[in-house]
Amino acid sequence: MFFSLTVLLTYLTDPLRIFHAEGNFKMVHEYTPLFAYGKLRNYHYDSILIGSSVSDLYSTKGLNRVFNDNFVHLNNPGGTAHSYKLVLGHAFKVRGDIKRIVYVLDHFFFSGTVDRLRVTRSNLFFYYDPFYLSAIKYLTDSNMLFLSLDVIISQIIKKDYKRILYGDGDGMETFTPALFNAEAAIDSFNKKLYTSRGDELDKFYNDNAYNMDVLRQSFEFNLLQMIKTHGNTKFIIIYPPYSILEFVLLERKYNKSYHTFLDFKCYINTTLSSYDNVEIYDFQNERNITEQLNRYQDVIHHDRATALYIINNLTNDKYRVKKTGACVRDNLTAGFSLPQ
């Protein structure tokens, strides 16, 4: 009985959209990057927006307007370079050529081993197993039964999830405007700055996980190979505008990693300057954004207005990294004083 109920409810609600592009129930955006599999398989698109939670508020409608494409948003909070490779590799497998990929690049997701994932491989079975085997696992997974029940109950009581993909194809409604203020950003900065060693940031910025050899290997394995292989796909690389507090934090607490970060950007820019299918847009030294702390809810997550500004300037040469002089090292913190 329990087995039959699991199969039936999972198929009917299809919370990860493995079988149906549309349905009577909203897609719950909690199982990432697993959720991307269904969208890649069943949604209509010719271009992809992929990024971490930093890209939550990026609007596919805005991208469609700027590029005249049909974007799908593959949001991957806390993702790694390798999880991006898995997701995009599957997109090429099921769709062939992708017209354009807007790739929001967070430098820290290249840290660690080239195949580092935030979840276990068993939780990403869709990307490793044949579809029929993946479908069986999906339909018989008790976790999916509980998720299906949650979807049904939430639909009945009109509950809003923290992360829900709405049917209009717009960006993710992850953050409310009230969360964005300078006090929240400074509080986040202080907590990270004064937390003792051994905290979560050390996982990214220790010498073994975050050094040029490690970062270079991960970049070449997880992104550069894909760029080389898919020459007909236009890759738009975005360096998102973290608040200036993020760079101050790196400079003060992880000084060696801060300079590694600058070297890594230099390496990426120089390496990709020889590829005609790549454009890089760098917003990290736009002080009119990064110093306006009321745009942020912590040291890196910016508001919807900033996301819209980025999208509207993806054809603006002001932010495009030139092929000549691609290795300019900006001092991202010069002249900045913390608010008292």
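## Buried charges at strand 7

A residue counts as buried here when its relative accessible area is under 20%. Keep that cut-off in mind for Lys265: at a relative accessible area of 9%, Lys265 falls under it and so is buried. One more thing before going on: this is a predicted model.

Who does Lys265 pair with? Its partner is Asp282, in a salt bridge whose closest N and O atoms are 2.8 Å apart. The two come from distant parts of the chain, with Lys265 in helix 11 (residues 255-272) and Asp282 in strand 7, 17 residues apart. Asp282 has a relative accessible area of 15%, so that side of the pair is buried too.

Strand 7 also holds Glu279, whose side chain meets that of Arg320 in another salt bridge, at 3.6 Å from N to O. This pair again links distant parts of the chain: Arg320 sits in the segment after helix 13 (304-312), 41 residues from Glu279. Glu279 is buried at 14% relative accessibility, whereas Arg320, at 28%, counts as partly exposed.

## The rest of the salt bridges

Side chains of opposite charge can pair when their charged atoms come close. Across the whole structure, a search turns up nine salt bridges. Among them is the one between Glu291 and Arg287, where the closest N and O atoms are 2.5 Å apart. Both ends are partly exposed: Glu291 has a relative accessible area of 33%, and Arg287 has 22%.

Then there's a small cluster of charges to look for: Asp69, Lys99 and Arg100 are linked in a network of salt bridges.

## A buried glutamate without a salt bridge

Now for Glu246, which belongs to helix 10 (residues 244-253). Is Glu246 buried or exposed? It is buried, yet it has no salt bridge. The nearest side chain of opposite charge is Lys192, and that one is 6.3 Å away. A salt bridge needs the nitrogen and the carboxyl oxygen within 4 Å of each other.

So what does Glu246 touch? Setting aside neighbours within four places in sequence, Glu246 is in contact with His107, Tyr205, Val299 and Ile300.

## The sheet

Strand 7 brings us to the sheet. This is an open sheet of five strands in the order 3-2-4-6-7, and the pairing is parallel. Strand 3 (71-75) and strand 7 (278-282) are at the edges; each has a single partner strand, so one side of each is left without a neighbour in the sheet. On average, neighbouring strands are turned by 15° against each other, ignoring direction.

At one edge, strand 2 (residues 47-51) pairs with strand 3 in the parallel sense over five bridges. If you want a spot to check on screen, Gly51 stands opposite Asn75 in strand 3.

## Around strand 3

Strand 3 stands at an edge of the sheet, and even there it is mostly covered, with five of its five residues buried. Phe71, His73 and Asn75 point one way from the strand, Val72 and Leu74 the other way, and all are buried. To get there from strand 2, the chain passes through helix 3 (residues 60-67), and this β-α-β crossover is right-handed.

Helix 4 (residues 81-95) lies across strand 3 as well as strand 2, strand 4 (100-104) and strand 6 (234-239). Against strand 2, helix 4 runs at about 170°.

Definitions and conventions. Residues are numbered from 1 along each chain as its sequence is written. This is a predicted model: local features need pLDDT of at least 70, side-chain atom pairs count only at pLDDT 80 or more; totals for chains, interfaces and linings use all residues. Side-chain values use heavy atoms; hydrogens and water are left out. Two strands pair if DSSP finds at least two bridges between them. Helices (H or I, at least four residues) and strands (E, at least two) are DSSP runs, numbered from the N terminus. Axes are lines fitted to C-alpha atoms, for helices over the stretch in contact, and angles run from 0 to 180 degrees between N-to-C directions. Contact means heavy atoms within 4.5 Å. Buried means under 20% relative accessible area, exposed over 50%, partly exposed in between (1.4 Å probe, protein chains only). Lys and Arg count as positive and Asp and Glu as negative; His and the chain ends are not counted. A crossover is right-handed if, with the strands pointing away from the viewer, the path from the first strand over the helix to the second runs clockwise.
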